[in-house]
Amino acid sequence: MSKILVLVDGIFAKEFIQNLYNNKAFKETLDIVYYDDNSIDLNLKNDQFIYHKFDPTSLVKLESLFKEKYHQAIVYMQNKEDILACYENLRKIDTRLNVVLMDFWGLKIDDSFCEVINIYNTLNTRLTGCLDNMPSMAQFIGLGKGEIMEVKIPAGSSFAYRHISSISQKRFRIVMVYRNNDYILARPGLILMPNDTILIVGDPKALQSVFSNVKTSLGRFPSPFGDNILCIIDMKKMSEFAIEKLIFASLLFHIRINSKKLYFKVINPTLTPIYYKLSSLNKNSIEVNFDYDNTNVKNIKSYVENTNIGLIVVENYLFEKEKNFFFNLKIPVLKAGLGDFADLKSSVVLSSNFEDVEGIASIMLDLNKQIQLSLSLHYYAIKLNKMELFEYTQYFESLSKLHDEKLLQIEEKEHNPISKFSYRQNVLHFVPFNEKILGNNFNKFFKTDLNTLYYKMNKNYQLFIPSL
């Protein structure tokens, strides 16, 4: 049977051996080499722990132990020169032995069979993970590349009061929830609460994005989608009136919400009075880009990513033509209505599906509080039983209290609520931006799902919000 060779010196190494001895799950056999009696406790002796007293920096003495077969060697010593001497001796004896070095000095070892554990980096990473606004990542399981992360849900998080099933888990999964010093295996119907800690696994880049989304506080829209607003103008296909209306809506939105910068992307530019009006806006937190090369909106994907866009403002015809493209960007889209944005009196969300609205509820309340419109939720409850309706209303009551935003909930028992809003022009309509939006609107005519019938509200301004 192969063993583990441990070369130790110092008080930290002594505590390491004590921890191994007390760990009932540890079943390996150790050959422990020491030369200072203060580095070990000889009372910790059993069939697994075998002690050898000599100086391991001596190649001849160390070589005598290798009549045994070792599959790993751990060097835990308090002197840098001793560590390096022991490592060189081990390599002279076995070039492919798995060696682990405890490092207090920033050692640089170019050896694919040697793992250097920097004590200070480990401590700093652990302490950093204890901060509320920093992720805590697993280092000692998996690949140690950040593919396993622990995140605490703050009170104002967009993840709070949501069913796990309502969270779009692409390239990651919520696998465990820690609550009140206990753990809960993640299941679709479990509601995440403030102060819960979730264990998530997946692509490290995706987990960093999830961490940012979880930690985003109230009053931050367009965050967590991005920091800035992008207004897309096609001067060839839009009238001057439509362009001016879109400019005004973008400027007003930029003033009212927590955006850092407003970008105007102008394709097919022409020398008209509107051109010069747009040029005059290019200052301070507003940037105007006239694009003479790209005539197709699909070519702006890299521009959107590079400018950290969190909201896109477009005309109705462009949204309908390119909604698949916008859907794949996973960014909220404000589609202009017939009236002026300044004339909006209220905002509404229409629902016949709890999960659809739950996925955007926190973002919707956050934004509505910034733009200061009265908000009402109309749900067409033809498919919901009494228990589901109770959970539905309780959920939104809790969420509205969390955001300190009044939300009027109205149950529509007989009439589809779209009929009362479709003729109006002064309403901001919140729409969950999911697959139901896509496809030809003519084929949706006989559907009853309110999200699918969004196009019947196209006289109004509509904000399409992807689920986090």
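Here is a short chat about a sheet and some aromatic rings in this predicted model.

Modeller: Local features need pLDDT of at least 70, side-chain atom pairs count only at pLDDT 80 or more, and totals for chains, interfaces and linings use all residues. Residues are numbered from 1 along each chain as its sequence is written, and side-chain values use heavy atoms, with hydrogens and water left out.

Colleague: In which order do the six strands of the open sheet run?

Modeller: Strands here are DSSP runs of E, at least two residues, numbered from the N terminus, and two of them pair if DSSP finds at least two bridges between them. The edge strands, each pairing on one side only, are S3 (49-53) and S6 (114-118). With parallel pairing, the order is S3-S2-S1-S4-S5-S6.

Colleague: Which residue in S6 stands opposite Val100?

Modeller: Strand S5 (residues 98-103) and S6 pair in the parallel sense over five bridges. Opposite Val100 in S6 is Glu115.

Colleague: Why is the pair Phe104 and Trp105 edge-to-face or stacked?

Modeller: Rings of Phe, Tyr and Trp (its six-membered ring) pair if their centres lie within 6.5 Å; planes under 30 degrees apart count as stacked, over 60 as edge-to-face and the rest as tilted. The centres of Phe104 and Trp105 are 5.6 Å apart and their planes are at 70°, so the pair is edge-to-face.

Colleague: Is Trp105 buried or partly exposed?

Modeller: Buried means under 20% relative accessible area, exposed over 50%, and partly exposed in between (1.4 Å probe, protein chains only). Phe104, at 19%, is buried. Trp105 has 32% relative accessibility, so it counts as partly exposed.

Definitions and conventions
Helix = DSSP H or I, 4+ residues; strand = E, 2+ residues; numbered from the N terminus.
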